Amino acid sequence: MENEITITVIDQSGNTHTLLCPLEMGLTLKDICKAYELPMEAMCGGMAMCATCHCFVLSETTALPEKNDIEEALLSELFTSKTTSRLACQIYLTAQMDGLSVEIAAD
Ligand code: FES
C-alpha cells in the first residue's frame, strides 16, 4: 500500500515485531510502538524530555532525518548512547523509512 510502510522493531527481550505504519496520520516511531503496545516507556509522551523512547537504528540503508538539537542533547546524556541512537518520539514516519529496523534500548 502506498500510504503505509513496514518497519521492524526488536524489543528489550529480543522479540521481533513487524509494524504496519499508516503515513497520513503524522505518527512518530514512538506513537506506532505505543499503538502496537510494545514495551517502550516513552514517559514524557513525546516531549523529548525523558529519553525512555531511546532506540538503536539497525538498518543503515534507511535514511532518517538529522537529529534536532534537543534530541542530540538528550542522547548525549545517556550512558547507553551509541552512534546509532535515536529518540523514537522525534522521528516522524515517512515513506523513505519503509523497511526501517530498530531496537528498543534496554535502559
Ligand atoms: S518519549 Fe520522552 S523523550 Fe521520547
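Student: In what order do the five strands form the open sheet?
Tutor: This is a predicted model. Its strands build an open sheet, and the pairing is mixed. Read across the sheet, the order is β2-β1-β5-β3-β4.

Student: Which strands stand at the edges, each with a single partner strand?
Tutor: An edge strand has one partner, so one side of it is left without a neighbour in the sheet. The twist from one strand to the next averages 35°. The edge strands are β2 (16-22) and β4 (85-87).

Student: In which sense do β1 and β5 pair?
Tutor: Strands of a sheet pair through backbone hydrogen bonds, in one of two senses. Strand β1 covers residues 4-10, and strand β5 covers residues 101-104. Threonine 8 has serine 101 of β5 as its bridge partner. Three bridges join β1 and β5, and the sense is parallel.

Student: Do β3 and β5 run parallel or antiparallel?
Tutor: Strand β3 is linked to β5 by three bridges. Phenylalanine 56 lies opposite glutamate 103 in β5. The strands β3 and β5 run antiparallel.

Student: Which strands does helix α2 touch?
Tutor: Helix α2 spans residues 69-76 and packs on the sheet. Its direction makes about 125° with that of β4. The strands touched by α2 are β3 (54-57) and β4.

Student: What pattern does the protein chain follow along the sequence?
Tutor: The protein chain holds two helices and five strands. Taken along the sequence, they give β-β-α-β-α-β-β.

Student: What is the radius of gyration of the protein chain, and what does the globule rule give for 107 residues?
Tutor: The C-alpha trace spans about 40 × 30 × 25 Å along its principal axes. The chain's radius is close to the rule's value, so the chain is as compact as a globular protein of that length. The radius of gyration is 13 Å, and the rule gives 13 Å.

Student: What is the volume of the largest pocket?
Tutor: Among the residues lining the largest pocket are Val57, Glu60, Lys67 and Arg86. By class, the lining has two nonpolar, five polar and three charged residues. The volume of this pocket is about 170 Å³.

Conventions:
Residues numbered from 1 in each chain as written. Predicted model: local features only at pLDDT ≥ 70, side-chain atom pairs only at ≥ 80, totals over all residues. Heavy atoms only, no water. 1 Å grid on protein atoms, 1.4 Å probe; cavity = no way out; pocket = protein on both sides within 12 Å on 5 of 7 lines; lining within 4 Å. Points joined across faces, edges and corners; volume = space filled by probe spheres on them. Nonpolar A, V, L, I, M, F, W, Y, C, P; charged D, E, K, R; others polar. Pairing = 2+ DSSP bridges. Helix = DSSP H or I, 4+ residues; strand = E, 2+ residues; numbered from the N terminus. Axes fitted to C-alpha atoms, helices over the stretch in contact; angles between N-to-C directions. Contact = heavy atoms within 4.5 Å. Rg over C-alpha atoms; globule rule 2.2 N^0.38 Å.
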